[in-house]
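The following note is offered to a colleague who is meeting this structure for the first time. The points are numbered for ease of reference.

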Amino acid sequence: MKKKTRKVIGLLSFFLLILYGVIIIYFMWFSDRLGRVEGYSTYRYNLVPFDEIRRFIIYRNYVSTGAFVINLIGNFLVFSPVGFLIPIWRKWRTKTTGCLRIIIYSFLFSLCIETLQLITRVGVFDVDDLFMNTVGGLIGWIGYLLVFKIYHMIMRQKTESSGKEV
């Protein structure tokens, strides 16, 4: 990949990471849809692993489909951009990002969000969210690997068919 193209892609991924962060902040603290405008009068937290996940599965018939999807599937999906965009941004800077690093970044970002929710009393600090968000970052990283592999296969085919280096 040409150096200029690599730089543009790196800057674009960095911009998308910043935009993603702003969107996350909005939904975590300011979204009426998620009931985030007014905080709780007490600290709310769950420190029992898989307790909320189990509760949502057991009572799935009593909670709305939206609440079920947002809490369980949404937590996986909302962090996939972390696992997808960070390796692209770091690759621009000629640094590779492995699985362990993505797990650490996803966990720390999620821990920051959960801790801020606890401190500001907007939302609930939940260890299940830490787990699901971290797995979501890992899912994004796997998606990055797949896209990267497909990209290289296409570039290799172009190179072989044209006899030139692309």
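Helices, as the word is used here, are DSSP runs of H or I with at least four residues, and they are numbered from the N terminus. The model under discussion is a predicted one.

1. Helix H4 and Pro81. Pro81 is a member of helix H4, and with a relative accessibility of 25% it counts as partly exposed. Although Pro81 and Leu17 are 64 residues apart in sequence, their C-alpha atoms are 7.8 Å apart in space. Once residues up to four places away in sequence are set aside, Pro81 touches Tyr20 and Ile86.

2. Ser80. Helix H4 covers residues 80-92, and Ser80 belongs to it. Is Ser80 buried or exposed? Ser80 counts as buried, because its relative accessibility is 19% and the cut-off for that class is under 20%. The side chain of Ser80 reaches the backbone oxygen of Leu77, at 2.7 Å. Beyond its neighbours within four places in sequence, Ser80 is in contact with three glycines, Gly136, Gly137 and Gly140.

3. Asp129. Helix H6 runs over residues 127-162 and holds Asp129. This acidic residue is buried, at a relative accessible area of 11%. Which side chain makes a polar contact of 3.0 Å with that of Asp129? The partner is Asn75. Asn75 also appears among the residues that Asp129 touches when those up to four places away in sequence are not counted; the others are Asn71, Ser110, Glu114 and Val124.

4. Salt bridges. How many salt bridges does a search of the whole structure find? The search finds 2. One joins Arg54 to Asp51, with the closest N and O atoms 2.6 Å apart. In the other, the side chains of Arg55 and Glu52 meet, again at 2.6 Å from N to O.

5. Spacing and exposure of the salt-bridge partners. Arg54 and Asp51 are 3 residues apart in helix H2, so about one helical turn separates them. The same reasoning applies to Arg55 and Glu52, which are also 3 residues apart in helix H2 and therefore separated by about one helical turn. Arg54 is partly exposed at 45% relative accessibility, and Asp51 is partly exposed at 23%. In the second pair, Arg55 counts as partly exposed at 37%, whereas Glu52 counts as buried at 18%.

6. Backbone angles to check. Most residues other than glycine have a negative phi. Phe50, which is not a glycine, has a positive phi of about 70 degrees. Phe50 sits in the loop between strand E1 (45-46) and helix H2 (51-58), and it is partly exposed with a relative accessible area of 46%. Arg121 is likewise not a glycine and has a positive phi, of about 60 degrees. Arg121 lies in the loop that links helix H5 (99-120) with strand E2 (125-126); at 27% relative accessibility, Arg121 counts as partly exposed.

7. Nonpolar surface. Which residues make the nonpolar surface patch of about 850 Å²? The patch is made by Leu12, Phe15, Leu16, Leu19, Ile23, Ile25, Tyr26, Phe27 and Phe30. One of these residues, Leu19, is placed in helix H1, which spans residues 3-29. Leu19 is partly exposed, with a relative accessible area of 38%, and it can join the patch because patch residues must have over 30%.

8. Cysteines. A disulfide is a covalent bond between the sulfur atoms of two cysteines. How many disulfides does a search of the whole structure find? The count is 0. Why does Cys99 form no such bond? The cysteine sulfur closest to that of Cys99 belongs to Cys112 and is 20 Å away, which is too far for a bond; the cut-off is 2.5 Å. Seen from Cys112, the closest cysteine sulfur is the one in Cys99, at 20 Å, and this too is too far for a bond. Cys99 is partly exposed, with a relative accessible area of 31%, and Cys112 is partly exposed as well, at 48%.

How values were computed: Residues are numbered from 1 along each chain as its sequence is written. This is a predicted model: local features need pLDDT of at least 70, side-chain atom pairs count only at pLDDT 80 or more; totals for chains, interfaces and linings use all residues. Side-chain values use heavy atoms; hydrogens and water are left out. Buried means under 20% relative accessible area, exposed over 50%, partly exposed in between (1.4 Å probe, protein chains only). Patches are made of residues with over 30% relative accessible area and no salt bridge: like charges are joined within 9 Å, nonpolar side chains (Val, Leu, Ile, Met, Phe, Trp, Tyr) within 5 Å. Accessible areas come from the Shrake-Rupley method with a 1.4 Å probe; for residues, only the protein chains shown count as cover. A salt bridge is a side-chain nitrogen of Lys or Arg within 4 Å of a carboxyl oxygen of Asp or Glu. Helices (H or I, at least four residues) and strands (E, at least two) are DSSP runs, numbered from the N terminus. A polar contact is a pair of N or O atoms within 3.5 Å; within protein, one must be able to donate a hydrogen and the other to accept it, and residues adjacent in sequence count only if both atoms are side-chain atoms. Contact means heavy atoms within 4.5 Å.
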